[in-house]
Structures are given as C-alpha cells and as structure tokens.
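I opened this model to work through its sheets, then the helices packed on them, then two single residues. My notes follow in the order in which I looked things up.

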Amino acid sequence: MIRRIALLLLCPALALPALAQTTLNRAGATFPYPMYSKWFSEYHNAHPEIQINYQSIGSGGGIRQVLAGTVDFGASDGPMSDEQLSQSKVKILHVPTVLGAVVPAYNVPGVGGEVNFTPEVLAGIFLGKITNWNDKAIAAVNQGVKFPDQPIIVVHRSDGSGTTYIFTDYLSKISSDWANSAGKGTSIKWPVGLGGKGNEGVAGTVRQMQGAIGYVELIYAVQNKIPYGSVKNASGSFVKASLDSVTAAAASMKNMPADFRVSITNSPGKDAYPIASFTWLLIPAQSKDAAKGKIIADFLNWMVDDGQKMTAALTYAPLPDTVAQKVKAEIKQVR
C-alpha cells in the first residue's frame, strides 16, 4: 500500500514537462557591456529557461564571430562596412540598442577639477603633437588651472574596438591631419601611446598612471572614479557627457537610415555632446535554429519595451521614440 501511494505521488511529478534550457551565445562590444549585463540578467529572471552568455571582447571580435557564425548574434559600436556585410552568408541586421558617450578620461597630478578639451587639443594629444600637460594650447582653454610639467601618456585600445571607431570617427571629422594619417576604424595604427584591452583595460591604465589620458565609455570613467573632461562641440560650447547631452546629440539626427548605420559624432546641436554614438546588436535575420530565432526576436522586443527603462541608471541614453518604433518594425525580420 505504501509503495502504491508513493508511485501515485510520483506520477504527477513525472507528468510535468521539464522546461527546455536554451543558451544564446554572443560576443562583441565592451562599450555597452554594463547595460547588456543588466539586460541579460533581468531577461533571465523573467525567463529562467533562457541563458544569454556574452563575451566582452570588443567590436572587432564581435563582427568576426558573427561573420564566422560562431555566435547567435554579435555586438558592435561601429557599424559593419559594406565589404564586411558582403562576406556574410545571411542578412545581418543592425539593431540599435542605446546611446552612449566616449569621454577623455585623465589622471593629472594636482588637477582634480574638470578639464576643457578643444577638438584641436584632443587631436594634437593623440597625434603626439601635444606632449606635456603644461602646453599652451591646453592652458588657453583652462584659465585658472595650474597644470604640472608632466609628460602626457596616451592610452588607447589594443583590441578591435567600437569605442575606437567612435573616437576616431570624431577625430577624423574635426582634424584633417588625423583623417589623412591615422583615419577611422575599429583598429588603426596609433601614432603614439600604450594599448589597453577593452574599456576596462584603458580605464585601469589611466587610473594607475600619472599623466595618462585615454578614451573610454562614460560608465567606465564613472565606475572607476576617473575625472573626464568637457569637449568643445560643433556649436562652440564646452559640453560634458551626460544623459541629456547624449540625447541632444541624437536629437540633431534628422533622418535615420533604413539600415540604422549612422554616425552622430560632432553633432551640430548647441547642447550636444560631440563624441556620442548609438551601439548596435548584429542580428542574423535568419537564425540557424528557428527556436533560437524566436527567442532572439522576443528578447529584442523586450529590450525596446522594458529594457529602455533601465538605461539611465547606468548612464546610457534610451533610444528616441521614433527610432524605437522603427526598431520594432525591423525585429519582425528576425526568424
């Protein structure tokens, strides 16, 4: 009798279907990594049967892996080129997710306040033409700040990076010397400086080395408590990176291309921060696994509807409403 009762109690449990576990693998940009980590965790909490693994390896790595088909989708802060898209066996969609800012983060002994940077000063520093913090060009736009006689140590990314793409896209727009020499890209030949891997690596090096300056996504400067400066924008105003100034940069964009591959660096708005950008997920329109395709589409819709509400806490700006609606239409292509 006891055995029969035990079997009866066990049978309903056996009849319950086990939730199938699905893991999505993706890789790419470090620029939005804090935001994506939050999103993937929250989405997993709402859907325990779905796990999204993310390798923060830089945009160059994300593009290579999505082209090779070794990830379910990738991530990049610089849009793929026409040549790269032509190498893919399937259509790759650029799905914008949030907006962020790249900031000049610095470690200057005795200078704890905010430093102003003109486009000419930033280009001069990263070209290796301005080599000391007491240079007259820096002092001229920072009245009252006493800079030390300290060599400038330039820190840049050593890996293929969308953050590099954003920064060099900006430098190419404001400096013909830069455009005609180093140029723009996820990986370039740097005129001067030390390399750091990921936004984490650059932020860590700047924090540790006196006299250092590097470019990092805003949240990495905030989290590491590294000072970062205001940058003179196209309207002649010195603007510090913030949610409002990044949103202002996006607002200056009059027409979003159908494929979402757009640059908003050096935007003309008076309140626009000049080194701002969208960041994108690189989504194969046709997934190799139909079930995964449906999950990816569901996640993307969740990202637009619920995920955008979480951006401000991590100093990212949400998608403008007009862009969000266009993204939702784009998601319908994902299978």
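The entries below go from strands to helices to single residues.

**Entry 1: status of the model.** I note at the start that this is a predicted model.

**Entry 2: the eight-stranded sheet.** I looked up the strand order and found an open sheet of eight strands, S2-S1-S3-S11-S4-S8-S6-S7, with mixed pairing. At its edges I have strand S2 (50-56) and strand S7 (194-196), each of which pairs on one side only. I also took the twist: on average, neighbouring strands of this sheet are turned by 25° against each other, direction ignored.

**Entry 3: strand S4 and its partners.** I went to S4 (92-107) next. With strand S11 (residues 276-284), S4 pairs in the antiparallel sense over nine bridges. I picked out Ile-92, whose bridge partner in S11 is Pro-284. With S8, S4 also runs antiparallel, and six bridges join the two. Here I noted Val-103, which has Val-216 of S8 as its bridge partner. How many of the residues of S4 are buried? I find 16 of 16, and S4 is listed as mostly covered.

**Entry 4: S6 and S8.** I checked the direction of this pair separately. Strand S6 (residues 153-157) and strand S8 (residues 212-217) run parallel and are joined by three bridges. Within the pair, Val-155 has Gly-214 in S8 as its bridge partner. I remind myself that strands of a sheet pair through backbone hydrogen bonds, either parallel or antiparallel.

**Entry 5: the three-stranded sheet.** I found an open sheet of three strands in the order S5-S9-S10, again with mixed pairing. Its edge strands are S5 and strand S10 (238-239), each pairing on one side only. Strand S9 (residues 230-232) pairs with S10 in the antiparallel sense, over two bridges. I noted Lys-232, whose bridge partner in S10 is Phe-238.

**Entry 6: helix H9.** I asked which strands helix H9 (residues 198-208) lies across. They are S2, S4, S6, S7 and S8, and the helix runs at about 150° to S8. I then checked burial: H9 is mostly covered, with eight of its eleven residues buried. Among the buried ones I list Gly-198, Gly-201, Val-202, Thr-205 and Val-206. I also looked up what covers the buried residues of H9, and this includes S4, S6, S7 and S8 as well as helix H7 (162-174) and helix H10 (218-223).

**Entry 7: helix H5.** H5 lies across S4, S6 and S8, and runs at about 115° to S8. I turned from the strands to its helix partner. The axes of H5 and H7 come within 10 Å and cross at roughly 115°. The crossing of H5 past H7 is left-handed. From H5, Pro-119, Leu-122, Ala-123 and Phe-126 make the contact, and from H7, Phe-167, Tyr-170, Leu-171 and Ile-174. By class I get eight nonpolar, no polar and no charged residues in the contact of H5 with H7.

**Entry 8: H2 against H12.** For this pair I read an angle of about 115° between helix H2 (residues 33-46) and H12, with the axes 11 Å apart. H2 and H12 are therefore roughly perpendicular to each other. I record the crossing of H2 and H12 as right-handed. On the H2 side I have Trp-39, Phe-40, Glu-42 and Tyr-43, which meet Ile-295, Asp-298, Phe-299, Trp-302 and Met-303 in H12. The contact of H2 with H12 has seven nonpolar, no polar and two charged residues.

**Entry 9: Lys-294.** I looked up this residue in helix H12 (residues 290-305). Is Lys-294 buried or exposed? Lys-294 is exposed, because its relative accessible area is 66%, and the cut-off is over 50%. I also took one distance: the C-alpha atoms of Lys-294 and Val-334 are separated by 7.5 Å, and the two residues are 40 apart along the chain.

**Entry 10: Thr-118.** I placed this residue in the loop between strand S5 (116-117) and helix H5 (119-127). Its relative accessible area is 7%, so Thr-118 is buried, the cut-off being under 20%. I asked what Thr-118 is in contact with, leaving aside neighbours within four places in sequence. I found Val-141, Lys-232 and Phe-238. The latter two are the bridge partners I noted for S9 and S10.

Technical notes: Residues numbered from 1 in each chain as written. Predicted model: local features only at pLDDT ≥ 70, side-chain atom pairs only at ≥ 80, totals over all residues. Heavy atoms only, no water. Helix = DSSP H or I, 4+ residues; strand = E, 2+ residues; numbered from the N terminus. Buried < 20%, exposed > 50% of the residue type's maximum accessible area, 1.4 Å probe, protein only. Contact = heavy atoms within 4.5 Å. Axes fitted to C-alpha atoms, helices over the stretch in contact; angles between N-to-C directions. Parallel < 35°, antiparallel > 145°, perpendicular 65-115°, else oblique. Left-handed = near helix turned anticlockwise from the far one by under 90°. Nonpolar A, V, L, I, M, F, W, Y, C, P; charged D, E, K, R; others polar. Pairing = 2+ DSSP bridges.
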